[in-house]
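Visitor: I would like a close look at a single part of this model. Please pick one stretch, stay with it, and show me what surrounds it.

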Amino acid sequence: VAARFGLRTEEQIAAVRPMAFNQGFYNLFLAIGIAAGVAQIAAGEEVAGRAIVLFCCACMVGAGIILLATSRRFLQASLVQALPPLVAIVATFVIH
């Protein structure tokens with residue numbers, strides 16, 4: 001992870017560690033949100049479930065855009081972050 005984000009020294013890694021810890025939980029909460037939305041859909045609450053899933057996916061796409069805006073060297077990471085939820089958003093409107 002350090003190499004992907006260009007961190008070369010222990011000092012840089014130590015400086016970023018708290019932010020990375022926070023980011024990990026941010027991603028976990030988005031994943032939990034998507035799971036909750038899918039559970040709502042499975043329970044017959046399609047409108048609420050779709051809203052939750054779409055909101056979480058939109059947050060992920062937005063974060064991927066911000067990552068790319070931070071530096072073009074993060075293109076691959078931003079695509080990994082933003083492309084799957086973008087596909088899910090598009091599929092939601094095409095399938096339904």
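Guide: A helix here is a DSSP run of H or I with at least four residues, and helices are numbered from the N terminus. The model is predicted. Let us take helix 3, which covers residues 75-95.

Start with its length. Helix 3 has 21 residues. Its first and last C-alpha atoms are 29 Å apart, close to the 30 Å expected at 1.5 Å a residue. The axis does bend, by about 30 degrees at alanine 82. A proline, proline 84, follows within four residues of that bend.

Now the buried side. Ala77, Ser78, Ala82, Pro85, Ile89 and Thr92 are the buried residues listed for helix 3. What covers them includes helix 2, residues 46-70. Take serine 78, a member of helix 3. Its relative accessibility is 4%, so it counts as buried; the cut-off is under 20%. Beyond its neighbours within four places in sequence, serine 78 touches Gly64, Leu67, Leu68 and Leu83. Two of those partners, Gly64 and Leu67, are themselves among the buried residues of helix 2.

Then the outward side. Leu75, Leu79, Leu83, Leu86, Val87, Val90, Val94 and Ile95 form a nonpolar patch on the surface. Together they offer about 760 Å² of accessible area. How does such a spacing fit a helix? An α-helix has 3.6 residues a turn, so residues three or four places apart point the same way. Leucine 75 belongs to the patch. Its relative accessible area is 41%, so leucine 75 is partly exposed.

Alanine 88 also lies in helix 3. At 30% relative accessible area it is partly exposed. Alanine 88 is 34 residues from leucine 54 in sequence, yet their C-alpha atoms are 8.2 Å apart in space. Leucine 54 is buried in helix 2.

That brings us to the neighbour. Helix 2 has 25 residues, which should span 36 Å at 1.5 Å a residue. Its end C-alpha atoms are 36 Å apart, so the two values agree. Its buried residues include Arg50, Val53, Cys56, Cys57, Met60 and Val61. What covers the buried residues of helix 2 includes helix 1 and helix 3.

A word on helix 1, then. Helix 1 has 33 residues and reaches 46 Å between its end C-alpha atoms, close to the expected 48 Å. It bends by about 40 degrees at arginine 17, and proline 18 follows within four residues. Leu30, Gly33 and Gly37 are buried in helix 1, and helix 2 is part of their cover. After helix 1 comes glycine 44, with a positive phi near 95 degrees.

Back to our part, at its far end. Histidine 96 lies in the segment after helix 3. Its relative accessible area is 64%, so histidine 96 is exposed. Setting aside neighbours within four places in sequence, histidine 96 still contacts Glu46, Arg50 and Ala91. Of these, Arg50 is among the buried residues of helix 2.

In short, helix 3 has buried residues covered in part by helix 2, and it also carries leucine 75, one of the residues in the nonpolar surface patch.

How values were computed. Residues numbered from 1 in each chain as written. Predicted model: local features only at pLDDT ≥ 70, side-chain atom pairs only at ≥ 80, totals over all residues. Heavy atoms only, no water. Patch = residues over 30% accessible without salt bridge, like charges linked within 9 Å, V, L, I, M, F, W, Y side chains within 5 Å. Areas by Shrake-Rupley, 256 points an atom, 1.4 Å probe, with all protein chains shown as cover. Salt bridge = Lys/Arg side-chain N within 4 Å of Asp/Glu carboxyl O. Helix = DSSP H or I, 4+ residues; strand = E, 2+ residues; numbered from the N terminus. Buried < 20%, exposed > 50% of the residue type's maximum accessible area, 1.4 Å probe, protein only. Contact = heavy atoms within 4.5 Å. Expected span 1.5 Å × (residues − 1). Bend = angle between axes of the 7 residues up to and from the residue.
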